[in-house]
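User: I am new to this structure and would be grateful for a close look at a single part of the model. Please describe one region in detail and then relate it to its surroundings.

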Amino acid sequence: MKSTFAQVRSYDRSVQLLMVNQFTINLGFYMLMPYLATHLAGPLGLAGWLVGLILGVRNFSQQGMFLVGGTLADRLGYKPMIITGLALRIVGFATLGLVDSVPALIAASAATGLAGALFNPATRAYLAADAGERRVEAFALFNVFYQAGILLGPLVGMVLTGVGFRVTCLAAAGIFAVLSVVQIRALPARRADDDTKTRPDGRRESVWSQWRSILANRPFMLFSLAMIGSYVMTFQVYLALPLEVRRLGGEGQFAAAAVAVLFAVSGLSTILGQTKVTAWCKARMAPGRALTWGLLTMGAAFLPLLLATALPVPDGGVGLWLLAAVPPALSALLLAVGTMIAYPFEMDTIVRLSGNRLVATHYGLYNTICGVGITLGNLLTGAALDAAREAGVPALPWTALLLLGLGCAGALHGLERAGRLAGPAAVARSEPATA
């Protein structure tokens, strides 16, 4: 960890602030969100469909508005969008703890989602701009802070929620309030460093024109589609793996502990290993090859679960506990390793494919595409889990996810072989000069 902090100190103050910013955002978010559904269904007594609606509104308002948030960041500057997003989180989290009417809860949920759509693309574009040629290493460190917030947030939230859910909400809002003050005072103003906002005649390029140019960026769109599978696979730490633990281990304390181990394995491995993995990969392989190996590792993460389906299920005891806990934990570890390999190069590739032009908008559209893909992928994964249970074929979902990883890795390998991941500047340099 000392080497990690030493690397952080080697960056400009703005990059350091953005990393702390992301840790604090995830800390506050994961203090509250894992316990929101229980609060809505329990003390507030809302019907299941209303709980689903309120949670769905948050997800939809975030995924659906990423493109708008990225566009605003490119046009108005990164810092204003970060501050606005933090302010919306303050209002949204405080409201969730203070109100009990459904319309107010829906509005608060929408505000928390929109907040993420505003500051996420701006933060990543800002980090990419100020990290310069050290983007890959910066995004590796960024992921360490990101995962640390995810790991610590639920633990703090569990303690506070034991006192009262309102305390959790107000504490999360307070964290965002402090973070907002720090960002206002200490984060330097930063705008997109490109000339895309004006046309040759001096008039400002319209939003529609900018969006059309991004949609016409075929390498970027193909890359975005190829990477959807990575997000579907990593999300299974929250969906398929816990369900598998509970399918074999039941709903008791053992299953709860085993699920907690999944999250701990994922977060701790990233915190301890991300920078080392990135340094090793950068020294030995090109970005496209690293991405391919990352996706292959994610696909291979489902092999332990697939192999475990061939074993007889013990009636109980230590054997059942091991079968319920060990294969999912190995899968969570391999998913984390695959993400460690791919993530820094993924973020860097988006910048390169954008040609350093409208970077936040590219991040916004990328997040929207992957967010829609996660939703569809989870629906299909859920359907595969149901079909496997009904047909008595437990290997079905793990086979499908393994094939998804292989397919996405193959798509990335094809894009690399075709030179589609090099970015417009690199492609231009590789073309022969003409008279």
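Analyst: The account below takes helix α15 as its centre and moves outward from there. The model is a predicted one.

Helix α15 spans residues 359-391. Its partner α14 covers residues 317-354, and the two pack at an angle of about 125 degrees, their axes lying 9 Å apart. That angle makes α14 oblique to α15. The handedness of their crossing is right-handed. On the α14 side, the residues that meet α15 are Glu 346, Met 347, Ile 350, Val 351 and Ser 354, while α15 contributes Val 359, His 362, Tyr 363 and Tyr 366. Sorted by class, this contact holds 6 nonpolar, 2 polar and 1 charged residues.

The loop between the two helices deserves separate attention. In general, most residues other than glycine have a negative phi. Asn 356, which is located in the loop between α14 and α15, has a positive phi of about 60 degrees although it is not a glycine. Leu 358 belongs to the loop between α14 and α15 as well, and its phi is positive too, near 55 degrees, in a residue other than glycine. How does each of these residues stand with respect to burial? Asn 356 has a relative accessible area of 47% and is therefore partly exposed. Leu 358, by contrast, counts as buried because its relative accessibility is 1%.

Within α15, Tyr 363 links the helix to other parts of the chain. Setting aside neighbours within four places in sequence, Tyr 363 is in contact with Met 347, Ile 350 and Val 351, and also with Pro 121, Arg 124, Ala 125, Ala 128 and Phe 139. As a general point, nonpolar side chains in soluble globular proteins tend to be buried together. The largest nonpolar core of this model has 113 residues, and Tyr 363 is one of those that touch the most other members, together with Met 19, Leu 32, Phe 93 and Phe 223. The greatest contribution to this core comes from helix α2 (residues 13-41), which gives 14 residues. Apart from it lies another core of 5 residues, including Leu 248, Ala 308, Leu 320 and Ala 324.

Asn 367 is another residue of helix α15. Its relative accessibility is 17%, so Asn 367 counts as buried. Beyond residues up to four places away in sequence, Asn 367 touches Gln 63, Phe 66 and Pro 121. Pro 121 is also among the contacts of Tyr 363.

Further along, α15 packs against α16, with an angle of about 145 degrees and axes 8 Å apart. Here Thr 381, Ala 384, Leu 385, Ala 387 and Ala 388 of α15 meet Leu 396, Pro 397 and Leu 401 of α16. By class, the contact has 7 nonpolar, 1 polar and no charged residues.

Helix α10 (residues 240-249) adds to the surroundings of α15. Its buried residues are Ala 240, Leu 241, Pro 242, Glu 244, Val 245 and Leu 248. They pack against α15 itself and also against α11, α13, α14 and α16. Leu 248 is, in addition, a member of the core of 5 residues. After α10 comes Gly 250, with a positive phi near 80 degrees.

Three residues outside α15 extend the picture. Tyr 146, in helix α6 (residues 135-163), counts as partly exposed because its relative accessibility is 25%. Excluding neighbours within four places in sequence, Tyr 146 is in contact with Gln 22, Asn 26 and Arg 124. Arg 124 is likewise a contact of Tyr 363. Between Tyr 146 and Asn 21 the C-alpha separation is 9.2 Å, although they are 125 residues apart in sequence.

Asn 21 appears again beside Gln 183, which touches Leu 17, Asn 21, Lys 79, Ile 83 and Leu 86 when residues up to four places away are not counted. Gln 183 belongs to helix α7 (residues 165-186) and, at 1% relative accessibility, is therefore classed as buried.

Finally, Leu 114 is part of helix α5 (residues 102-131). Its relative accessibility of 28% is why Leu 114 counts as partly exposed. With neighbours within four places left aside, Leu 114 is in contact with Ser 61, Gln 62, Met 65 and Leu 88.

Conventions. Residues are numbered from 1 along each chain as its sequence is written. This is a predicted model: local features need pLDDT of at least 70, side-chain atom pairs count only at pLDDT 80 or more; totals for chains, interfaces and linings use all residues. Side-chain values use heavy atoms; hydrogens and water are left out. Buried means under 20% relative accessible area, exposed over 50%, partly exposed in between (1.4 Å probe, protein chains only). Helices (H or I, at least four residues) and strands (E, at least two) are DSSP runs, numbered from the N terminus. Contact means heavy atoms within 4.5 Å. Axes are lines fitted to C-alpha atoms, for helices over the stretch in contact, and angles run from 0 to 180 degrees between N-to-C directions. Angles under 35 degrees count as roughly parallel, over 145 as roughly antiparallel, 65 to 115 as roughly perpendicular and the rest as oblique. A crossing is left-handed if the near helix is turned anticlockwise from the far one by less than a right angle, and right-handed if clockwise. Ala, Val, Leu, Ile, Met, Phe, Trp, Tyr, Cys and Pro count as nonpolar, Asp, Glu, Lys and Arg as charged, and the others, Gly among them, as polar. A nonpolar core is a set of buried Ala, Val, Leu, Ile, Met, Phe, Trp, Tyr and Cys residues joined through side-chain atoms within 4.5 Å.
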